[in-house]
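Student: I have a model open and would like to know what lies behind the labels people put on it. Could you walk me through some of them?

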Amino acid sequence: MNLTTIALKNLKRNFSFYSLYLMSVSFVLMVYFCFTSFSMNEIIMEKISSDGRVEMMCSVVAVFIMVFVVFYMFYSNNFFMRRRMKELGIYALLGYRKGDMLCLLTIENIFVCLGGTIVGILAGSLLHIGVTAGIVALLDLTIDMGAIPFINPQAVGSIFLFILAVLLTLTLSNAVLLLKSTLLDLVRLEKKVEKPVRPNIVFSIIGIVFLLGGYALALDMVRGTQSVWTTIGFSPIALLTLVLVVVGTVLSVYSFVPFVCQCVKNRHRILYRENTIVVVPKFMHRIRSNAKSLILLILLVAGTLSVFGATTLSVWYPYRAVERIIPSAIEYRVEDEQQSKQAQAALAEGLNSQEYQVQETDLLKITATSDHLPDEYSISGEEVRTPGFECMSLTDYNTLLSSQGKESSISELSDDECVLVKYRPDPENSDVGAVYHLNIGDGATTDVTVVQTTLDNPIGFANSVATLLVSDQLYQTIANGQPEQITVVSINGGTTRTDGAAYTILKDAMPENIYLASAWQRQTEIIQQNSSTYLLIAFATIIFLIATGSILYFQNLSAVTYDRDDYNILQRMGYNRNMIKRCVRRQIQIYFVIPYMIGMLHSIFAIICYKSALMDDVLGRASEVILPIALAIGIFSIVYFIYYQVTKHSCYKAAIN
């Protein structure tokens, strides 16, 4: 019987065992082929990338995807090699040389990779067309979908070259393992006894302290300029935090987890139960190799959730920040009064009977002196901005907020009081109590005291940064001094915030007005700029998920398969099928829960650190981060739970004859 026939029979006989491997390889290659086709799609690239940013990101993400595909297939191959060592030993006893066994393994890998590649190309092509159609619809692009080939020949060539490289790598790995193995190793490798691990209370404490130290450093980023990240430096503290978390994870898994298991073993009332008496000793028996896998899985889960959560937050937060950046649906500064009237007339004609409100607000630009001027006073925008305040009357403020659907928290002000509109949150209220000496014209000044600060800015930051709310009487007094006046038109109501009709009309009427801003236009711009980035990160995240779930699947299935004889003994001792299933389920849950819980903790602190370090917080609402992080964790948890269910049912079949 030739080797090809033997390989085909092996695959057919063990199809149920190989099916998930084949499915996982197909899914991984589907994602890889879809990504490759997308990155080689010149039609879509011309539309979404004008500066080469998307192409550069494609190259970076491609490296991550290729590394994880190779890693996943390498890990899976090692799993199957360990599973089949006894079978290979029988081949050796029958007279097969190691070269023949290597050829047999290579032929089997070729069949699996070929099947996975064919399925991956077909499914990846469908996914690529679907992704492209989704981007075209989302970004409202004008693209002839018929001009995009269903199967990209360049992508096909790329995936076959990649699979060839993977096969060569797997063949070399198998060759090294076979050359190093004796006949006895082939028969007994899967039953090697591990060296016992003795829990160390000192290392356990050190591991927990290191983890808490890493978490504390991550949380310290919230203090802003007072944190050690600023006082000492970002790079050294980032490196220290990473080292503390990684070393803490290693020590905790190697020492703290066995210590907990040892404590359970010493508590006889807990140990001598039908499930615990089986699960805990089995876990302790393989803790050395389990620890390596658990550490890898913890870091994979943490990396996946951190990348996915940070990306989701990076898209969601700017989208929500439009609420403050452009509080009205549309606003613009009046540069030409006649042009403004013509634009409003065109808007009324274009929107027909749609109800909306137009409000003109006069801001008075004045200078001031103080021992404590706010940061907003000297902020410069795209145009060179003269330092100063833009004063607004309290009546105009309350009216404008009402048209925006908000409630004002400021009912009245005296002539010597003011409210400062902050650009960024100020939890310490450092500006409250400050006294500003306002220059109101002709050398006259008046003093006002900041009695409150607010984040409810009525005018967008393109037109007013240092907005100062004063009483109507003081506003009139300042106006009498004839300071520089800025007139801002705000439009709200109807569908002006949710569609682009009103903005398009005004843009056509005032094409040169750089101060024209639209919430709809800004939100659309954010989606267009970030959609390709989010898509590319999604490809990498999917690969991470597959790698994590598949490693958990094969590791648990391997452990249960090795212990099949032990479960048969338990059945003879009186354990029924349900009791055996509970033992298997508890064993699986240990492997799934530990990486999930610790990895999630790592990722949450990483995302908090990322938000505080790299995101410009203008909303001042901690609740805004909950939804994107919950979305990332929810999607990951659903996929993770699906893998758990698949693993559980496969292990049931392996454990119970």
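Tutor: Below we take a few labels and ask what earns each one. Please keep in mind that this is a predicted model.

Student: What is the strand order of the open sheet?

Tutor: The sheet has ten strands in the order 3-6-7-5-8-4-2-9-1-10, with mixed pairing.

Student: What makes strand 3 and strand 10 edge strands?

Tutor: Strand 3 (368-369) and strand 10 (517-518) each have a single partner strand, so one side of each is left without a neighbour in the sheet.

Student: How do you know that strand 3 pairs with strand 6?

Tutor: Pairing needs at least two bridges, and two bridges join strand 3 to strand 6 (residues 435-441), so the two strands count as paired. They run antiparallel, and Ala368 has Leu438 of strand 6 as its bridge partner.

Student: Why do strand 1 and strand 9 count as paired?

Tutor: The cut-off is at least two bridges; strand 1 and strand 9 have four, in the antiparallel sense, so they qualify. One of the contacts to look for is Ile330, whose bridge partner in strand 9 is Ile491. Strand 1 also pairs with strand 10 over two bridges, again antiparallel, and there Ile330 stands opposite Ser518.

Student: Which way do the residues of strand 1 point, and are they buried or exposed?

Tutor: Ile330 and Tyr332 point one way, Glu331 and Arg333 point the other way, and all are buried.

Student: Why is Cys583 called buried?

Tutor: Buried means under 20% relative accessible area. Cys583 has 1%, so the label fits. Cys609, with 11%, is also under that cut-off and is therefore buried.

Student: How many disulfides does a search of the whole structure find?

Tutor: The search finds zero. To count, a pair of cysteine sulfur atoms has to lie within 2.5 Å, so zero disulfides means that no pair met this cut-off.

Student: Which residues of the largest nonpolar core touch the most other members?

Tutor: Of its 72 residues, these are Val69, Tyr567 and Val584. Helix 21 (residues 577-614) gives the most to this core, with twelve residues. Leaving aside residues up to four places away in sequence, Val584 touches Val560, Tyr567, Cys651, Tyr652 and Ala655.

Student: Which residues does the second core include?

Tutor: This separate core of 20 residues includes Ala368, Leu420, Tyr475 and Ile478. You have met Ala368 already, as the bridge partner of Leu438.

Conventions: Residues numbered from 1 in each chain as written. Predicted model: local features only at pLDDT ≥ 70, side-chain atom pairs only at ≥ 80, totals over all residues. Heavy atoms only, no water. Buried < 20%, exposed > 50% of the residue type's maximum accessible area, 1.4 Å probe, protein only. Core = buried A, V, L, I, M, F, W, Y, C linked by side-chain atoms within 4.5 Å. Contact = heavy atoms within 4.5 Å.
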